Amino acid sequence: MNAPAAGERVSAVIVHFRTPAETLRAARAVAATVPAAEVVVVDNASHDGIERLLAAQVPTARVLTERSNRGFGAGCNRGARETSRPYLLFLNSDAFVKAGAVAALEAALDGERRAAAAGPRLVHADGSLQPSVRRLPTPWRIFCESSGLAFLSGGRRPFEGHTATRQDHSGHREAEALMGAALLVRREALEDVGGFDEAFFLYAEETDLMTRWRRRRWSLLYEPRAEVVHEGGRSGGDALFGQLHASLVRYALKHHGRAAARFSGAVLDAGAALRYAAALVTPGARGRSRRRRYRSAMQRRSAVAAVPIR
């Protein structure tokens, strides 16, 4: 029996919200590098003509239109429900696969039966490494990041954060957590934990998923032979930074309890206020970006208030 062609077992799911140029590029890259893959774009009520654009430029892509924007995880779940292939490539609209990436991720999952997902080496547009191997958030790690201790320590223990860490990106390995910009997921593992938790509108939904996989004895793989370019921030960026804080509080509440959520919210709020004050004297575009980012967090009144904790 002949081995399946690269991508033949893969449904690529791209969640779209008002990033037509980036979504087109992401879909084109999948279609060009693994023509056998199925490409599904979930349009989160963008009303920007993405279906027409895809029909003209990536005619093999299928568009699923949501009535409202229910968030990234909900979009991923919709794409998973309406496909049937055993592997699901969840791809941010601002990320695009390079030649050989999907095949390398497939090979990683084929080699480890209990691997729920495999993530690639993420790079910036200039080709430099974008660190994507992470740790799962804990109240201590959230504190270390928000206080600046993780940055000042260079991500070294005991002050490492959940994103600010010193992780090896040089070779194939198991990982505790990965950035979710591009993940090849085993459908069986996704269904085993019930899919993405749609209570997370944006951010931390993949972290929550990885935590639930870990509890079900699934592993997570990092595969640097697969390379994906990730620009980041194209669907909101700094303006949605408050949503990141709210999602971290929701994660802490779900996995560590009410006291941990209150603590996490308090340190996130304090960190945002201190950084906003510093940004007031930061000149130029960098200062404007930082002020917009931390104003977004502060305008939610508090990260704790954003997620009811009863």
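This talk walks through selected features of one protein structure, which is a predicted model.

Good morning, colleagues. I shall begin with the strands near the start of the chain.

Strand 2 covers residues 38–43 and strand 3 covers residues 62–65; the two run parallel and are joined by four bridges. One of the pairings is between Val40 and Arg62, the latter being its partner in strand 3. Together with helix 2, residues 50–57, these two strands form a right-handed β-α-β unit.

Strand 1, residues 10–16, contains Val13. Is Val13 buried or exposed? Its relative accessible area is 1%, so Val13 is buried. Once residues up to four places away in sequence are set aside, the residues that Val13 touches include Val40 and Val42, as well as Gly75, Cys76, Leu88 and Phe90. Val40 thus appears twice in this account: as a residue touched by Val13 and as the bridge partner of Arg62. Between Val13 and Arg62 themselves there are 9.8 Å from C-alpha to C-alpha, with a separation of 49 residues in sequence.

Just beyond strand 1, in the loop that leads to helix 1 (20–33), we find Arg18. Its phi is positive, near 60°, and the residue is not a glycine. With a relative accessibility of 52%, Arg18 counts as exposed.

I turn next to the cysteines. Cys76, one of the residues touched by Val13, is buried, with a relative accessible area of 0%. Cys144 is likewise buried, at 0%. How many disulfides are there? The count is zero.

Let us move to the loop between helix 6 (149–152) and strand 8 (173–174), where Glu160 is located. Glu160 counts as buried, because its relative accessibility is 7%, under the 20% limit. Its side chain makes a polar contact of 3.4 Å with the side chain of Arg157. Leaving out neighbours within four places in sequence, Glu160 is in contact with several residues, among them Arg135, Arg141, Cys144 and Gln167. The loop between helix 6 and strand 8 also holds Pro158. The peptide bond that joins Arg157 to Pro158 is cis, with omega near 5°.

My next topic is charge pairing. Side chains of opposite charge can pair when their charged atoms come close. How many salt bridges does a search of the whole structure find? The search finds 21.

One of these involves Arg141, a contact of Glu160. Arg141 forms a salt bridge with Glu176, and their closest N and O atoms are 3.2 Å apart. Arg141 belongs to helix 5 (residues 139–147), while Glu176 sits in the loop between strand 8 and strand 9 (177–178), so this pair ties together parts that are 35 residues apart in sequence. Both Arg141 and Glu176 are buried.

A second example joins Arg216 to Asp192, with 2.8 Å between the closest N and O atoms. This pair links distant parts of the chain, 24 residues apart: Asp192 is in helix 7 (residues 187–192), and Arg216 is in the loop between helix 8 and strand 11 (219–230). Arg216 is partly exposed, at 46% relative accessible area, and Asp192 is partly exposed as well, at 30%.

In a third case, the side chains of Arg225 and Glu223 meet in a salt bridge of 3.0 Å, N to O. Here Arg225 is exposed, with a relative accessible area of 59%, whereas Glu223 is buried, at 2%. There is also a network in which salt bridges that share partners join Glu66, Arg70, Arg78, Glu82 and Glu198.

I shall close with helix 8 and the residues around it. Ala204 is in the loop between helix 7 and helix 8. Ala204 has a positive phi of about 70° although it is not a glycine, and its relative accessible area of 9% makes it buried. Why can helix 8, residues 205–215, be called largely enclosed by the rest of the structure? The reason is that nine of its eleven residues are buried. Among them are Glu205, Asp208, Leu209, Met210 and Trp213. After helix 8 comes Arg217, whose phi is positive, near 70°.

Thank you for your attention.

Definitions and conventions: Residues numbered from 1 in each chain as written. Predicted model: local features only at pLDDT ≥ 70, side-chain atom pairs only at ≥ 80, totals over all residues. Heavy atoms only, no water. Buried < 20%, exposed > 50% of the residue type's maximum accessible area, 1.4 Å probe, protein only. Polar contact = N/O pair within 3.5 Å; in protein donor to acceptor, adjacent residues only side chain to side chain. Contact = heavy atoms within 4.5 Å. Pairing = 2+ DSSP bridges. Right-handed = clockwise from strand over helix to strand, strands pointing away. Disulfide = S-S within 2.5 Å. Salt bridge = Lys/Arg side-chain N within 4 Å of Asp/Glu carboxyl O.
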